[in-house]
There are 2 protein chains.
Amino acid sequence: VSDNPRFLPIVQPPRDAAAPPVFGRIAIVGLGLIGGSIALAARERWPSSLVIGVDDKDVLERAMRRHAVDVGADDPIVAAEADLVILAAPVAQNIELLGALAEHVRGSAVVTDVGSTKRSTLAAAAVLPARLTFVGGHPLGGAARQGIDHARSDLFRGRPWLFTPTGATPPETLDRLFLFASALGAEPRAIDPVEHDRIAARISHLPQLAASALMRVIGDEVGEEGLALSGRGLADTTRLASSPAGIWGDICATNEDEIGAALDALIDELQRVRGRLTERQAVEELFDAANEWKARLARIRGDQG
Amino acid sequence: VSDNPRFLPIVQPPRDAAAPPVFGRIAIVGLGLIGGSIALAARERWPSSLVIGVDDKDVLERAMRRHAVDVGADDPIVAAEADLVILAAPVAQNIELLGALAEHVRGSAVVTDVGSTKRSTLAAAAVLPARLTFVGGHPLGGAARQGIDHARSDLFRGRPWLFTPTGATPPETLDRLFLFASALGAEPRAIDPVEHDRIAARISHLPQLAASALMRVIGDEVGEEGLALSGRGLADTTRLASSPAGIWGDICATNEDEIGAALDALIDELQRVRGRLTERQAVEELFDAANEWKARLARIRGDQG
């Protein structure tokens, strides 16, 4: 791994069911959509590994009913013997957990997280003792509905799983995490944490805030009577507006500079066209540029757009 | 019809195939997605009516191949005997056509249009002689792909078809247009033209411009390498960014005040959250408000959101 890793080639996983598990005791703190899906996928892939879940009692009960975890508790002390710890709570909770992890986990372990922002969690991991090796992670699987009830073992299949190693990351630790992510069907890649937060602010956080702002403004201005006249265009453009508030306070707070810059760019573009609505050429130029990027996005995603 | 009509009750159409056509000679100027779909639906519904198409020769050829029109020409003179004229070109062309219509159409006729903005076309219709009765129209059927090749006779089924009568509109003319739209499967409603443009700016024009601006900004800032990491959220939020530039110059120019006000409201909301990214409460308040409107929109549309 270079000092400033970007996109590394995809590792082809060994699909041999007899292969020994990459980790023997996997503790997952936070059993929402992502944590729950990792739990389900890990149990499916390595029946001999122990999957330890940490969450509130009612979430644990639902996780147990779905056979997502072998062991569960509402206290991270249950992760004492883990050799992999996955922090899958909202970012601020992950950061808080990092501060207490050395008390709970007794031996050597790899520690990763699944948060949508990476710099602040990485900085917080500096408190960990040498026996706990932290590498930030961000699986890009997502779904319209959150929570353990919508967790699926195939959530990560064919989707990127980003890791943010630093110059201090032991190459063999990154290798093991790549093997782990590959075995769950994902395409692991390394990316610089700063670059990660810059890109995530644009491809994920900006569309989310734009969709929420759009839905709020339109709802407030036209009410249900107006919404009744809308079509699939509005429904699609605002699909993300159903995202629950829960995790977004942390994401915005821990990526404020990049999200702010991305919002500024969008606001600038909206103000530019707002000042030229009667100039056909300005409007058409915006549509032409958007058309071209949309076609490239559709080509990349292999869909019709 | 009152002087300031809003939403009138839906007329239940007589679904009797033996019913006489509402109009006997229907001229459609502009055979794109909407004009072409009206042509296909009218021929299907009333085999005895004559459907006259006006467009460029290559579009006409494709319309003929799809059996969308009985008669076609690239000159509106072919509409001489029409008793219904539907202007289905971009708004500026419709306005230009209104100025020349009295030369082309010889007898009495009802004239309507299908444009996304209504005030400017209505104002331009003031030049028509008394024998040509104009009522603005806006069928809300839409599809991801434009043009006669994607026209479908069921495009309007179950979708609102708005008409914008004024105090001068003869009630029997509005009745005939309601019957016409109902027979094509749509749900006709009357709406004040000013209110139409206000609502259309919010539920249609604003999401379109936001999606296009978002796609352009994100593409410019992260490039294909960044887009490759995006998920369904970005794809959905920017679905409208594939809309062709063609008709949007006219829409923006003829609804500039309302679109400008809608853009201002969105920009204000984005600026508000931009200034409070580190305040959990401000972020969560936006998400909660958006969640609520999104749930109401999903309920109205009868879908999962």
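**Exercise 1. Locate A:Leu40 in this predicted model and decide whether it is buried or exposed.**

Step 1. Start with the secondary structure: A:Leu40 belongs to helix α1 of chain A, which covers residues 33-45.

Step 2. Now look at accessibility. The relative accessibility of A:Leu40 is 13%, and the cut-off for buried is under 20%. A:Leu40 is therefore buried.

**Exercise 2. Beyond its neighbours within four places in sequence, which residues is A:Leu40 in contact with?**

Step 1. Set those sequence neighbours aside, then list what remains in contact with A:Leu40: A:Arg66, A:His67 and A:Ala68, together with A:Ala151, A:Arg152 and A:Ser153.

Step 2. For a contrast, try A:Arg232. Its C-alpha lies 34 Å from that of A:Leu40, and the two are 192 residues apart in sequence.

**Exercise 3. Take A:His67, one of the contacts of A:Leu40, and describe its place, its accessibility and its phi.**

Step 1. A:His67 sits in the chain A loop that runs between α2 (57-65) and β3 (71-73).

Step 2. Its relative accessible area is 57%, and exposed means over 50%. So A:His67 counts as exposed.

Step 3. Check the backbone: phi of A:His67 is near 55°, a positive value in a residue other than glycine. Why pause over the sign? Because most residues other than glycine have a negative phi.

**Exercise 4. Turn to chain B and work out where B:His67 is found, how accessible it is and what its phi is.**

Step 1. In chain B, the loop between α2 (57-65) and β3 (71-73) holds B:His67.

Step 2. B:His67 is exposed, because its relative accessibility is 57%.

Step 3. Finally, phi of B:His67 is positive, about 55°, although the residue is not a glycine.

Note on methods. Residues numbered from 1 in each chain as written. Chains lettered and ligands numbered in written order. Predicted model: local features only at pLDDT ≥ 70, side-chain atom pairs only at ≥ 80, totals over all residues. Heavy atoms only, no water. Helix = DSSP H or I, 4+ residues; strand = E, 2+ residues; numbered from the N terminus. Buried < 20%, exposed > 50% of the residue type's maximum accessible area, 1.4 Å probe, protein only. Contact = heavy atoms within 4.5 Å.
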